[in-house]
Amino acid sequence: MTEIPKVQSNAFFDSLRQHTSAAVPSKWNVLVYGRLNTGKTTFLTTFPRPVVIASFEPNGASSIRDIIGESNGQVMVINKTEQDNAAQPVAYTNLLALISALTTGGANAPIHKIGTFCIDGFTLLSESILSAVCVEKSHEVPSQPDYFLQLQRVKQLVKQCLAMPCNFAMTCHESIHSDPNLGIFQRTIEASP
């Protein structure tokens, strides 16, 4: 094991450079969150192309219609994930089918030709996952075990997306809560507990 020199010395930075190598991933992952209509979806179109956006926002692609048209096929929106209802949730299963189609085929899988894969609307995706769990369990109102299953599926989905060989971005709505005891406002992402 190499001893790390004192921070003040040039040798410290030289030792850091030795441990930084090509093994550092050349891809990145990002969570974009903000209030409604602040340009999160438009921001996704600026990421490395081709950009594939799985939209969970009803009519979410309408805000980027012109960008899609001008992109020469470099910005694609999958809107099979936009329409969902609690009684027959299909948005989540459509996303899983999309991810499977993109990642199947080893080195020839379509995912290798994508610059950035995006999920636009984690807030609504999390609701779709919870609805799917409730339908599987044959009840309408979620209980504590349902939230646990939802959390596990969210974790599994995010891990799967993070493991893709392309960049990954996800948008969320922002939630602002005041804490009267502390006298502060807290900003978090809007999602099921």
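This briefing describes the nonpolar cores and the cysteines of the structure above. The model is predicted, so local features need pLDDT of at least 70 and side-chain atom pairs count only at pLDDT 80 or more, while totals for chains, interfaces and linings use all residues. Residues are numbered from 1 along each chain as its sequence is written, and side-chain values use heavy atoms, with hydrogens and water left out.

**Nonpolar cores**

- The largest nonpolar core (buried Ala, Val, Leu, Ile, Met, Phe, Trp, Tyr and Cys residues joined through side-chain atoms within 4.5 Å) comprises 26 residues. Buried here means under 20% relative accessible area, with a 1.4 Å probe and protein chains only.
- Those with the most contacts inside this core are Leu 95, Phe 117, Ile 119, Leu 125, Leu 157 and Cys 161.
- At least two core residues come from each of strands E2 (51-55), E4 (116-120) and E5 (167-179) and helices H4 (91-103), H5 (122-136) and H6 (144-162). Helices (H or I, at least four residues) and strands (E, at least two) are DSSP runs numbered from the N terminus.
- Helix H4 contributes the most, with six residues.
- A second, separate core has nine residues, among them Val 32, Leu 44, Phe 47 and Ile 53.

**Surroundings of Phe 117**

- Beyond its neighbours within four places in sequence, Phe 117 has contacts (heavy atoms within 4.5 Å) with residues including Val 52, Leu 95, Cys 161, Met 164 and Phe 168.

**Cysteines**

- The count of disulfides (pairs of cysteine sulfur atoms within 2.5 Å) is zero.
- Cys 118 is unbonded because its closest cysteine sulfur, in Cys 166, lies 8.5 Å away, too far for a bond. Cys 118 is buried, at 0% relative accessible area.
- Cys 161 is likewise in no disulfide, with the nearest cysteine sulfur, that of Cys 166, 8.6 Å away. Cys 161 is buried, at a relative accessible area of 0%.

Methods: Buried < 20%, exposed > 50% of the residue type's maximum accessible area, 1.4 Å probe, protein only.
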